[in-house]
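Student: Could you walk me through this one? I'd like to start with the overall make-up and then get to the helix packing.

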Amino acid sequence: MQASINKIHMLMSPENVLEIPNQQCQLQKTIKLEDNVYLPVISDAAVEGQKLSIEEVMRVAGVMYIQSCAKSAEDTFIFSDPYFCSMFELCEEDKRNVELAQLLLASTEKVGCQQFMCAQKLLGFCFLLCSSTGNSVERVVHYFSEALKEKIDKETGRFTSKRSSGREEHPFCLNSNPMFTAYTLQRIPFFQVAQFAGVQEIVEQGDSSEKVHLIDLGIGSGVQWIDFMQASAANPMEITVRSATISKDTINNIGNRLVNFANTMNIPLSFKVVLVTNIRSIRKDQFDIDTEEVVAVYAASCLSTLVAKPESMDSLIEVIKSLRPQMMIFTEVEANLNSCDFVNHFIEAFFFYSVYFDCLETCMD
């Protein structure tokens, strides 16, 4: 148990806690409670009723959870801790959100210690208090609670989730809801920046070519290739877009939209599909490369899903190398989400997606 608490403690250390922005002020004053134990002081803005961001809620909950664990040896109940009472300076919604996040952190620590019965009881409270349709904190906690439940089921031999087993085999499932993907891309700035940089690199490298073959490993809505056609309009070329997917149903609609758009610009474009049932079953001959084509491989936020499956990753990379592409563009989030240690992995992901949901809430309201 102490090892798990130490890992949470390390991730909630002062250098990680100090920089917590809050519009007009910062939650960066701290009190040293014990050796290496810090607690944020709630700012005047929070006292005045200003809501905390999702990230701030999670970090306050994390530090309070560490403090409650430090006091547990003295049998001090968390809600009687005087420092915990500082939470009552928050608005009622933030207090509920902090309590909910603490429950999730407590269940994470129990899973890390393989105390699955206790973890399940704590998760039961989480599920009662959170919802996939609630506020942003409730949604983050809901999805991470589902993931913890899935892990407990795996560890105890009760794992039956078809959804997760499918996800493990198919990292190119990003096109499951292309309309939502397109809507999101239009509103999230860092998606647009990453997409623009990738597309622009392909335009510049293929500027003198008459034929270009674009292999997309996670096509999403396909809007990146609309941008590509617009950016390369000054240099007409024959374009082939080939997408790897597990289902033709959705992908064909995306292909039809791309072909129709190309027709409006008088650009010869063909759209082809490589059906993928298993990553290790992908072969070079499925891509049918013309020797006159400039080949570009585009992988947006999909290769990281294979880090935990090195055999599949190696197989895919070998196929890509055999295609001899002139360039490969891949985008991934800058986050340490592949730690071998469960608690480190979970806490890093928890705070990353808290910030991510903050961004969604800000950009998509």
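Tutor: What follows goes from the whole chain to one helix pair, then to the cores and a single residue. This is a predicted model, in which local features need pLDDT of at least 70 and side-chain atom pairs count only at pLDDT 80 or more, while totals for chains, interfaces and linings use all residues. Residues are numbered from 1 along each chain as its sequence is written, and side-chain values use heavy atoms, with hydrogens and water left out.

Student: OK, how many helices and strands are there in the protein?

Tutor: The protein has 14 helices and nine strands, where helices (H or I, at least four residues) and strands (E, at least two) are DSSP runs numbered from the N terminus.

Student: And how much of it counts as buried?

Tutor: Of its 365 residues, 46% count as buried, with buried meaning under 20% relative accessible area, exposed over 50% and partly exposed in between (1.4 Å probe, protein chains only).

Student: Now the helices: at what angle do α5 and α7 cross?

Tutor: The axes of α5 (residues 92-112) and α7 (residues 136-155) cross at roughly 15 degrees and come within 10 Å; axes here are lines fitted to C-alpha atoms, for helices over the stretch in contact, and angles run from 0 to 180 degrees between N-to-C directions. The two helices are therefore roughly parallel to each other, a label for angles under 35 degrees, with over 145 being roughly antiparallel, 65 to 115 roughly perpendicular and the rest oblique.

Student: Which residues of α5 and α7 meet?

Tutor: On the α5 side they include Leu100, Ala101 and Leu104, and on the α7 side Val141, Phe144 and Leu148 are among them, contact meaning heavy atoms within 4.5 Å.

Student: Switching topic, which residues have the most contacts inside the largest nonpolar core?

Tutor: Those are Met58, Leu104, Val141 and Phe350, in a core of 40 residues; such a core is a set of buried Ala, Val, Leu, Ile, Met, Phe, Trp, Tyr and Cys residues joined through side-chain atoms within 4.5 Å. Its largest share, nine residues, comes from α14.

Student: What does Val141 touch?

Tutor: Leaving out residues up to four places away in sequence, Val141 touches Met58, Leu100, Ala101, Leu104, Cys126 and Cys130.

Student: Last one: is Ser68 buried or exposed?

Tutor: Ser68, which lies in helix α4, is buried, with a relative accessible area of 13%. Ser68 and Gln102 are 34 residues apart in sequence and 10.0 Å apart in space, C-alpha to C-alpha.
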